[in-house]
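Please open the model in your viewer and keep the sequence beside it, since this tour goes from one selection to the next.

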Amino acid sequence: MQAYVVRRLIALIPTLIFASLIVFVLMRLIPGDVIDMMLAQNDIATTQDRAAIEAALGLDQPMYIQYFRWIGGVLQGDLGRSLWLNTPVTERLAETLPITFELGFLALIVALTVALPIGIYSAMRQDTAGDYITRSFSLIMLAVPGFWLGTLVMVFPSVWWRWSPALVYTPFFEDPIANLSHMIVPAVLLGLSMSAVTMRMTRTMMLEVLRQDYIRTARAKGLSELMMIVRHALRNGLIPVVTLIGLQAPLLIGGAVILEQIFVVPGMGLMLLEAVFQRDYPIISGVFLIVGVGVLLINLLVDLSYGWLDPKVRHR
Amino acid sequence: MTFRSDVGLVRAVDALSLYVNPGETLAIVGESGSGKSVTALAIMGLIGDSGRVERGKIVFENRDLLKTDEAGMRAIRGDRMAMIFQEPMSSLNPVLTIGKQVAEPIVQHRNASWPDALEQAGELLAKVAIPDALSRLGDYPHHFSGGMRQRVMIAMALACRPKLIIADEPTTALDVTVQAQILALLKELTHETDAALILITHDLGVVARYADRVMVMYAGRVVETASARALYANPQHPYTQGLMDSIPGVDGRVGARLITIDGQPPDLANLPPGCPFAPRCQYVADVCRAQQPELETVAVEHLRACFGYE
């Protein structure tokens, strides 16, 4: 087991190197580099200034040298400094990552509390009105883009009821209630969009499981419908659902970028967006490195959870 | 009993009447689609949403099960009556331990605590001759062979000492060598608790060795019913005779062709107007094609549904 985890962790390294290389190169291919941005802001545009700034930021070097410098720093735990603020990237990540993590975690809770009960209900009442309503709802949630719904939530309540979601971020440990009342709206929006696919998967898997012979055996034992679901069907049905949740992790982060922007949540997503606009390469690379590690770790956790869910995997 | 299907309502079982006494083994014999399993599921109240018993009564311990609500049926299922299914490989839940699955009916119907129920489960597993039973309570179904799983299913069915056990082709999926062990075990344990056993099978060899009475079904109808002995000595229905003749014997001539019944069983959605066996019957007469024969007594406790041949 331990050997397996270690092997999986080592296998992350090539994936991360490859991903960081792509991000590194692609960012520098966007038209308009960081120097253009800086010069445009400061209204000075001589070629000498340009060369001086370039040299100061180390951007005069060939791209591969820049990359090796950066990756060398990464190996020592140094993700470089922001080109604009000159603060260490690690410091900025330490500020913003927990906020995005909280948002993602809340969204996941919302997604699961919506998706699992509705998916199970929908499967047990297959082809009834309730099933159709919940399935239509999930289709709508799947189709409606988060940024649009987010904008609606911002605009219409304020027009109709002179109410708008809180937009001031308060750290959780300072005032949990103020923090949650700010985070809950983007978390619900993010969670709902994630719940759609999860709900459909839960429904499909439950339908599949409810047809199995061992469910008939459970019925023949005289178990109540609820016990049958909880003890016999759910765990078998959840195995693919857990996989799906793992696969949705990158979407969660993508959604966070947009919703953090709309609801002014000072998380990693908002920072990333600003960094992209400003071409703040070290920040962008740092964020993607963290996201990459996060996604790969979540997938590892998903694989490990099979062992808990499915005894056949455990003993292999 | 009818089922909804793509071709409309299908009458799967018609005009069926059976009884089974405590301690007795009744075998229901017939080929696939003859309505054996559906009859068993109807008794258990497990036919599901697509099927329905249109008319009739199912009386168990002086209660009409068709008039019993779902909660009442749940209290009976697994406690007073239990069922053993055909597929031991898929009838056990792959993610629950054997111990838990065997103990579950005890917890459900006897309000036992899990530790107590698990202890009883250990005893039950020992009773169905699972070696080293106690240490295997924590194992999962995939650790067990097919025969062992069917023993587990038997232990599970016996957990609450039910008065009626229905075994739906319990040995069809098993090796021949294991079949006899399982059936002997089932017979012995039902005898011990004086439970009635309904043994569903298509294997007349099984019937001869383990059944007290036999009911032969064809196309959803009973065609002949008699004591096992009488049925073997003197089969009265041409279909039963055909079944007997098609058992390969060890005394037969080497190279002899197996005797088969010509033709196919009829489509239940499209039954012929007369006797359902008429199209395949070698003694068929005009009356057979026009009218359905009723069950008639031909000897003591021996009934058949046939117009004719002697």
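Begin by selecting β12 and strand β13 (residues 302–304) of chain B, which run antiparallel and are joined by three bridges; two strands pair if DSSP finds at least two bridges between them. Within this pair, B:Thr297 stands opposite B:Leu303 of β13(B). Strands here are DSSP runs of E with at least two residues, helices are runs of H or I with at least four residues, and both are numbered from the N terminus. The model is predicted, so local features need pLDDT of at least 70 and side-chain atom pairs count only at pLDDT 80 or more, while totals for chains, interfaces and linings use all residues. Residues are numbered from 1 along each chain as its sequence is written, and chains are lettered from A and ligands numbered from 1 in the order in which they are written.

Next, widen the selection to the whole sheet, which is open and mixed in its pairing, with eight strands of chain B in the order β7-β8-β9-β3-β10-β11-β13-β12. β7 (81–84) and β12 (296–299) of chain B stand at the edges with a single partner strand each, so one side of each has no neighbour in the sheet. On average, neighbouring strands of this sheet are turned by 20 degrees against each other, direction ignored.

Now add helix α1 (residues 36–44) of chain B, which packs on the sheet and touches β3 (25–29), β7, β8 (164–168), β9 (196–201) and β10 (213–218) of chain B, its direction making about 150 degrees with that of β8(B). Touching rests on contacts, in which the C-beta atoms of two residues, placed from the backbone, lie within 7 Å. Angles run from 0 to 180 degrees between N-to-C directions, and axes are lines fitted to C-alpha atoms, for helices over the stretch in contact. Helix α5 (residues 146–158) of chain B lies across β7 and β8 of chain B and runs at about 170 degrees to β7(B).

Which elements of chain A give two or more residues to the side that touches chain B? Select α9 (213–220), α10 (225–262) and α13 (311–314) of chain A to see them; the largest share, six residues, comes from α9(A). Across this boundary, 18 residues of chain A are in contact with 23 residues of chain B.

Finally, move within chain A to helix α5 (residues 89–124) and helix α8 (residues 176–210), which pack at an angle of about 35 degrees with their axes 5 Å apart.
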